[in-house]
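Visitor: Got a minute to walk me through this one? I'd like to start with the sheet.

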Amino acid sequence: MSWCTIESDPGVFTELIQQMQVKSVQVEELYSLDLETLDSLRPVYGLIFLFKWRPGEKDGRLAIKEPNPNLFFASQIINNACATQAILSILLNSPDVDIGPELSNLKEFTKNFPPELKGLAINNSEAIRMAHNSFARPEPFVPEEQKSATKDDDVYHFISYLPFEGVLYELDGLKEGPISLGQCPGGQADADWLSMVQPVIQERIERYSKSEIRFNLMAVIKNRKEMYTAELKENQRRRERILQQLTAAQSERLPDHNKIEELNRSLSEVNVGIEAATEKIIMEEEKFKKWRTENIRRKHNYIPFLFNFLKVLAEKKQLKPLIEKAQQKKVGNPSS
């Protein structure tokens with residue numbers, strides 16, 4: 001029951017969430033930690049932080065051995081599944097998200113389990129593993145045993161940040177328990193937790209930035225197209241009301257020109273809102289179309305094509321000269 005390594009990409013994570021039957025959720029990559037950017041994405045269900053794992057690094061913060069029983073926290077049992085586990089840590093602790101039947105059953109089944117058994121339950125979930133492994137890159141040769149990372153390999157790790165029942169948590173499956181980052185009034189839809197978590201992540205980045213520049217931060221958020229569609233429909237309803245009021249005002253025996261002018265201003269504002277919402281919906285549709293195309297390319301098996309292409313080159317006696325030319329080029333430029 002091996003788990004493949006998957007790419008840290010918002011399109012990959014969004015499709016993975018959809019395959020787990022979770023509704024109305026998407027993932028966005030963050031290029032800035034400024035509060036204005038974070039606030040524009042609300043509601044933010046949680047943040048996923050990717051960083052280079054350094055073995056032996058000590059963390060003086062205490063993990064909570066007996067956490068809130070309502071908080072889902074699982075130990076990481078599977079080496080390559082930390083991205084999926086970081087996503088699950090957010091989804092299974094988001095009361096406003098429809099997580100679907102599979103994850104609902106998992107959450108209910110494991111609610112009284114310790115973290116180790118919750119981690120094993122994730123490992124044994126066929127549906128989650130199949131969704132995760134659907135992003136496996138086709139390999140010409142499949143090793144019988146999974147290769148373990150050596151001390152010289154770069155190993156990356158995902159952790160989650162989210163508010164839950166008045167506390168801001170850091171959830172890291174490699175630790176004994178969740179880490180409390182302090183009391184946090186409000187929920188996932190509020191800005192308070194974002195202003196609290198921003199300096200925590202910034203400090204972590206600065207701590208590593210002297211020797212490492214490869215970081216990745218993603219936000220698990222409400223589906224943008226659905227939000228913009230609701231915004232568009234509300235503006236359209238408002239436009240209809242204004243048009244009715246405008247028609248009535250203009251048909252009066254003694255029209256109130258001030259009122260008509262005010263209604264025309266309101267109508268202009270609503271039309272601008274309708275245009276903006278429509279434009280944002282189109283942008284979201286284009287983005288999801290791009291993600292689908294990229295994911296199809298990620299999953300496609302190009303090996304038969306490459307094999308046959310090389311075969312044709314060999315039959316036409318063009319392969320050997322190309323290999324020799326490449327070898328000469330490498331000798332002439334050893335740094336490449």
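Guide: Sure. Six strands make an open sheet, ordered β1-β6-β2-β3-β4-β5, with antiparallel pairing. Strands here are DSSP E runs of at least two residues, helices H or I runs of at least four, numbered from the N terminus, and two strands pair if DSSP finds at least two bridges between them.

Visitor: Which strands stand at the edges?

Guide: β1 and β5 (179-183); each has a single partner strand, so one side of each lacks a neighbour in the sheet.

Visitor: And how many bridges join β4 to β5?

Guide: Three, with β4 covering residues 167-171. V167 has Q183 in β5 as its bridge partner.

Visitor: Is this a predicted model, and what are the ground rules?

Guide: It's predicted: local features need pLDDT of at least 70 and side-chain atom pairs pLDDT 80 or more, while totals for chains, interfaces and linings use all residues. Residues are numbered from 1 along each chain as its sequence is written, and side-chain values use heavy atoms, leaving out hydrogens and water.

Visitor: OK, new topic. Is S89 buried or exposed?

Guide: S89 sits in helix α3 (residues 82-91). S89 counts as buried because its relative accessibility is 7% (buried is under 20% relative accessible area, exposed over 50%, partly exposed in between, with a 1.4 Å probe and protein chains only).

Visitor: What does S89 contact beyond its neighbours within four places in sequence?

Guide: S160, L162 and L171, where contact means heavy atoms within 4.5 Å.
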